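Colleague: Hey, I'm new to this one. Could you walk me through it?

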Amino acid sequence: MSANIALHGLETVVKDYVENLTFKKLSKMEKRRSIGVIRYADDFVLLHENKSVISGCIAVISEWLAGIGLQLKPSKTRLAHTLDPNLSEDGIAGFDFLSHHIQQFPRGKYRSDEDNHGRKLGFDTLITPSKKAILTHQREIAGIIKMHRLSPQSALIKDLNPVIRGWSSYYKVSDIGTVGESSKQDNLTYLKLRRWAKRRTLNVKKAHRLYWRPIGDRNWTFATNGDDPKKLVLHTDFALL
């Protein structure tokens, strides 16, 4: 909340600066609209087609923050191009924001973007979980499985499901299905569960027979026995919603 209050007015400062720049033949209103400012708490992203405009905005923001006793954090401040890695200061295309990675790819690699008039663009924009978010998620799953080394399968499933459901729900409006990230997460989770099961049975085939079973149209579901089995939810269940 304090960061929100402290940074109140940042967007106005940026747009006022861009409005008074002399680039292209744009009206003041068009110049203000040309700069995108996206902020959540103390994290923000500036979007503009002109690199020098962004550089100028960074200088203006730094000066403005200094006036209220704050400064940009070097480790979180980065000048990047969403499509061409050669135009990013660190040679890496795209950027991370709120645990998402936003990047553009040459048209044809995934799907083709269109502008508001239906015209094909030269790139496709993909929004996926950041590498850090992916690693953190798998570490959390591994921690839960380790904690339940001696627990019944139902207890393990009970603790895993909210984690998988929460992570998948957060990213379900992203492109995790397009790039196959949901399937990858399911496979990584399966490998961890297979090790958990093998450790208990000392035999992979026996482990599969005891802990995986056909349910509905799925031949391999990590689930308990009985008329009302407790089953593990999948990342792909949410990617398809």
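**A first look around**

Modeller: Sure. Keep in mind that this is a predicted model. Where shall we start?

Colleague: With the inside, please. Which residues of the largest nonpolar core touch the most other members?

Modeller: Those are Ile145, Leu156, Leu160, Leu193, Trp196 and Phe222, out of 18 residues in that core. The elements giving two or more residues to it are α5 (131–147), α6 (153–171), α7 (181–201) and α8 (204–211).

Colleague: And which element gives the most to this core?

Modeller: That's α6, with 5 residues. Another core, of 15 residues, lies apart from this one, and its members include Leu21, Phe23, Leu46 and Leu79.

Colleague: Back to phenylalanine 222 for a second. What is it in contact with, leaving aside neighbours within four places in sequence?

Modeller: Phenylalanine 222 is in contact with Gln153, Leu156, Ile157, Leu193, Trp196, Tyr211, Trp212, Lys230, Lys231 and Leu232. Phe222 is also part of one aromatic cluster, together with Tyr190, Trp196, Tyr211 and Trp212.

Colleague: Speaking of aromatics, how many aromatic pairs are there?

Modeller: The count comes to 6 aromatic pairs. Tyrosine 170 and tyrosine 171 form an edge-to-face pair, 4.9 Å centre to centre and with 85 degrees between the planes.

Colleague: Why does that one count as edge-to-face?

Modeller: Because the cut-off for edge-to-face is over 60 degrees between the planes, and this pair has 85 degrees.

Colleague: Are those two tyrosines buried or exposed?

Modeller: Tyrosine 171 is buried, with a relative accessible area of 2%, whereas tyrosine 170 is partly exposed at 42%. Tyr170 also belongs to a nonpolar patch on the surface with Tyr40 and Leu98, and together they have about 320 Å² of accessible area.

Colleague: Where does leucine 98 sit?

Modeller: In the loop between β3 (95–97) and β4 (100–106). Leucine 98 is partly exposed, with a relative accessible area of 32%.

Colleague: What about its phi?

Modeller: Phi of leucine 98 is near 55 degrees, a positive value in a residue other than glycine. Most residues other than glycine have a negative phi. Serine 99 has a positive phi too, about 70 degrees, although it is not a glycine. Serine 99 is found in the loop between β3 and β4 and is partly exposed, at 38% relative accessible area.

Colleague: OK, new topic: charges. How many salt bridges are there?

Modeller: There are 5 salt bridges by count. In one of them, the side chains of glutamate 19 and arginine 32 meet at 2.6 Å, N to O. Glutamate 19 is in helix α2 (residues 10–19) and arginine 32 in helix α3 (residues 28–34), so the pair links distant parts of the chain, 13 residues apart. Glutamate 19 is buried, with a relative accessible area of 16%.

Colleague: Which residues are linked with Arg32 in a network of salt bridges?

Modeller: Asp16 and Glu19 are linked with Arg32 in that network.

Colleague: Any other bridges to look at? What does aspartate 43 pair with?

Modeller: Aspartate 43 forms a salt bridge with lysine 76, the closest N and O atoms being 2.6 Å apart. Aspartate 43 is in strand β2 (residues 43–47), while lysine 76 is in the loop between α4 (51–66) and β3, 33 residues apart. Aspartate 43 is partly exposed, at 22% relative accessible area, and lysine 76 is exposed, at 51%.

Colleague: Thanks, that gets me started!

Key:
Residues are numbered from 1 along each chain as its sequence is written. This is a predicted model: local features need pLDDT of at least 70, side-chain atom pairs count only at pLDDT 80 or more; totals for chains, interfaces and linings use all residues. Side-chain values use heavy atoms; hydrogens and water are left out. Rings of Phe, Tyr and Trp (its six-membered ring) pair if their centres lie within 6.5 Å; planes under 30 degrees apart count as stacked, over 60 as edge-to-face and the rest as tilted. Buried means under 20% relative accessible area, exposed over 50%, partly exposed in between (1.4 Å probe, protein chains only). Patches are made of residues with over 30% relative accessible area and no salt bridge: like charges are joined within 9 Å, nonpolar side chains (Val, Leu, Ile, Met, Phe, Trp, Tyr) within 5 Å. Accessible areas come from the Shrake-Rupley method with a 1.4 Å probe; for residues, only the protein chains shown count as cover. A salt bridge is a side-chain nitrogen of Lys or Arg within 4 Å of a carboxyl oxygen of Asp or Glu. Helices (H or I, at least four residues) and strands (E, at least two) are DSSP runs, numbered from the N terminus. A nonpolar core is a set of buried Ala, Val, Leu, Ile, Met, Phe, Trp, Tyr and Cys residues joined through side-chain atoms within 4.5 Å. Contact means heavy atoms within 4.5 Å.
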